[in-house]
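Thanks for sharing this one. Here are a few points I noted while going through it, in the order I would look at them on screen.

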Amino acid sequence: MTTRPGATVSGGGPDATAADERPVVVDASTGQLLAVVTSPTAPAIGIAAVLLRGAGWRPSSGPRRTQVRTARRLAAHGVHGVRFSYHGIAESTGEHDEIVRLDQPYTEDLGAVVAWCQRARLRPLLIGNCFGARTALAYAAAPDHFVAGVVMLVPPMHDFEVARRLDRRPVETLAKRVTPRRALAVMRDPTRRRALGRTLRALADVGRRRVRRRGADDPVWLSRTLCRQLDDVVRRSVPVLVVYGDDDNYGRDFETARRGTLGVVVDRAGAALQVRTVPGRIHGQTSVETQQATLDAVEDWVERTFGTPGSPA
């Protein structure tokens with residue numbers, strides 16, 4: 001098998017290469033999605049790792065070719081890989097969304113790719129990064145959606161970034177930045193007007209949540225939707241892996257939220273939910289070392305959860 005510095009596990013075959021990959025066009029309601037399918041280099045175990053990018057507009061290769069490396073490494077464990085570009089990105093058709101929202105994940109894109117996997121008689125294992133992690137969770141939480149597992153890399157615990165930052169930048173601080181010149185510039189720019197609308201909706205959402213029962217430990221920015229979806233998934237005994245870097249702000253948010261409702265969900269999940277921390281910052285893939293540690297954590301979890309080729313999970 002191909003050796004990798006720092007690798008923690010070994011599969012039943014070598015890492016895949018470009019020779020093991022082929023393009024596939026998946027029809028979705030949002031457009032035609034270009035996907036790249038990686039074939040296993042070991043006996044297939046009937047699982048397809050569906051890789052979901054974050055909201056940064058890159059093709060299916062991911063930052064630092066993370067998704068390429070993930071698919072090729074998991075191929076050594078008998079896992080098919082399916083990475084795809086969201087609608088309107090790269091070679092995928094459809095209208096490009098200028099701005100994405102964590103509370104509006106791309107479940108239609110994902111649903112089309114999952115349907116393709118199911119037609120190929122492959123169980124989907126959803127592996128998402130940031131926005132992709134929230135999309136994976138939202139899809140898996142639906143009662144009529146069945147997945148083999150969910151891997152969430154640096155999932156945001158909030159729905160609106162401005163809501164999360166209120167603890168660090170109070171409304172009074174934001175108000176001081178409002179000047180007639182800035183307001184006029186915003187009104188003239190359609191993109192900035194839409195951004196302002198999102199900000200105002202987030203502030204209204206936070207304002208509603210400030211009125212809660214005494215003693216509640218949840219931060220105002222915590223996504224109730226995320227907590228509910230995660231609870232729905234683990235209650236069905238779907239294995240879930242959450243990975244953060246020890247320098248990720250989102251990881252610190254996770255620990256803060258764990259003192260309240262999220263902690264109840266995590267404790268109730270038991271062995272179905274595993275949380276791992278790797279050195280560095282996963283969000284943005286700022287270093288090769290962190291990328292390597294993240295891939296090692298995912299690969300190790302996949303082997304432990306689904307078994308090696310030829311052996312039962």
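1. The largest nonpolar core of this predicted model has 78 residues, and the members that touch the most others are L126, L230, V240 and L262. Helix 3, residues 131-141, gives the most to this core, with seven residues.

2. It may help to centre the view on L262 for a moment. Leaving out residues up to four places away in sequence, L262 touches M157, L226, C227, L230, F254 and A257. One of these partners, L230, is also among the core residues with the most contacts to other members.

3. Next, the strands. Strand 1 (residues 21-28) and strand 2 run antiparallel and are joined by eight bridges. The two form a hairpin, with two residues between them. To find the register, look at V25, which stands opposite L34 in strand 2.

4. Strand 2 also pairs with strand 4 (residues 80-84): four bridges join them, and this pair too is antiparallel. Here A35 of strand 2 has F84 in strand 4 as its bridge partner. Strand 2, covering residues 31-38, is largely enclosed by the rest of the structure, because six of its eight residues are buried.

5. Which charged residue deserves a closer look? I would pick D109, which is buried yet has no salt bridge. D109 belongs to helix 2, residues 107-119. The nearest side chain of opposite charge is that of R53, and it lies 12 Å away.

6. What does the side chain of D109 join in a polar contact? The partner is the side chain of H87, at 2.9 Å. Setting aside neighbours within four places in sequence, D109 is in contact with H87 and also with T30, L33, F84 and Y86. Two of these bring us back to the strands: L33 falls within strand 2, residues 31-38, and F84 is the bridge partner of A35.

7. Last, is R72 buried or exposed? With a relative accessibility of 18%, R72 counts as buried, since the cut-off for buried is under 20%. R72 sits in helix 1, residues 66-75. Not counting residues up to four places away in sequence, R72 touches D15, A16, T17, A18, E21, T38 and R65. Among these, E21 lies in strand 1, residues 21-28, and T38 lies in strand 2, residues 31-38.

Key. Residues are numbered from 1 along each chain as its sequence is written. This is a predicted model: local features need pLDDT of at least 70, side-chain atom pairs count only at pLDDT 80 or more; totals for chains, interfaces and linings use all residues. Side-chain values use heavy atoms; hydrogens and water are left out. Buried means under 20% relative accessible area, exposed over 50%, partly exposed in between (1.4 Å probe, protein chains only). Lys and Arg count as positive and Asp and Glu as negative; His and the chain ends are not counted. A salt bridge is a side-chain nitrogen of Lys or Arg within 4 Å of a carboxyl oxygen of Asp or Glu. A polar contact is a pair of N or O atoms within 3.5 Å; within protein, one must be able to donate a hydrogen and the other to accept it, and residues adjacent in sequence count only if both atoms are side-chain atoms. Contact means heavy atoms within 4.5 Å. Two strands pair if DSSP finds at least two bridges between them. A nonpolar core is a set of buried Ala, Val, Leu, Ile, Met, Phe, Trp, Tyr and Cys residues joined through side-chain atoms within 4.5 Å.
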